[in-house]
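Colleague: Please show the model, and let us go through its surface, its fold and its aromatic rings.

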Amino acid sequence: MVVSLDALQTRTRPGHHIDTTQIRFRTRSRDVVLIDAPGHAEFLRNMITGASQADGAVLIIDALEGVRDQTRRHGYLLHLLGIKQVAIVVNKMDRVDFSADRFKEISDEISAHLIGLGVTPIGGDSDSARDGDGVAERTPRIGWYQGPSVVEALDALEPARPLEQLALRLPVQAIYKFDDPTHRRWPHRIRQSQRRR
């Protein structure tokens, strides 16, 4: 199972990554590869690079900031890439005192947006990754939350289909233009080690 993870905007500041990275781990039922992609609008092509290789997505929303234009943009791009499995995670709940009302407000807003695009959200996980609340299991601070943890939401995604059942997809990260009379263009594909299909 390969999942694209929309990284938070703060990760794109100087000193933080602007490219995709991969994190591998195993849940009780499957192996998971998280493709951590930058979320900031300036690095949109990097997000698309990561998402183009995914079987599902985890859309992370900051509980304090809520649903923003770039959140909606990522939902739309996931739809365009044909990714129908999107787990919603409302993170940093500690910044809003683990408010059930704030969680519901964000979850309802992004769910309506995704459903409008034809993407059915899986869960609407409430968590505080800093202390592990809701990541692998529910804790007393989010006792009001009855949905799946992040790990349970990943396990709920449908397994990857065999490659021969998938449409051909060649991720192109950039087009380089050369200053010459022929105006040649050279597509730059993702490194072989990053490509999955």
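Modeller: Accessible areas come from the Shrake-Rupley method with a 1.4 Å probe, and for residues only the protein chains shown count as cover. This is a predicted model, in which local features need pLDDT of at least 70 and side-chain atom pairs count only at pLDDT 80 or more, while totals for chains, interfaces and linings use all residues. Residues are numbered from 1 along each chain as its sequence is written, and side-chain values use heavy atoms, with hydrogens and water left out.

Colleague: What share of the exposed area do carbon and sulfur atoms supply?

Modeller: The chain exposes about 10800 Å². Of this area, carbon and sulfur atoms supply 52%.

Colleague: In what order do the elements of the chain run?

Modeller: Helices (H or I, at least four residues) and strands (E, at least two) are DSSP runs, numbered from the N terminus. The chain has four helices and eight strands. From the N terminus on, their order is β-β-β-α-β-α-β-α-β-α-β-β.

Colleague: Which residues do ring pairs link into a cluster?

Modeller: Rings of Phe, Tyr and Trp (its six-membered ring) pair if their centres lie within 6.5 Å; planes under 30 degrees apart count as stacked, over 60 as edge-to-face and the rest as tilted. Three aromatic pairs are counted by this rule. Phe 103 and Trp 144 form a tilted pair, at 5.5 Å centre to centre and 50 degrees between the planes, whereas Trp 144 and Tyr 145 form an edge-to-face pair at 6.2 Å and 80 degrees. The cluster linked by ring pairs consists of Phe 103, Trp 144 and Tyr 145.
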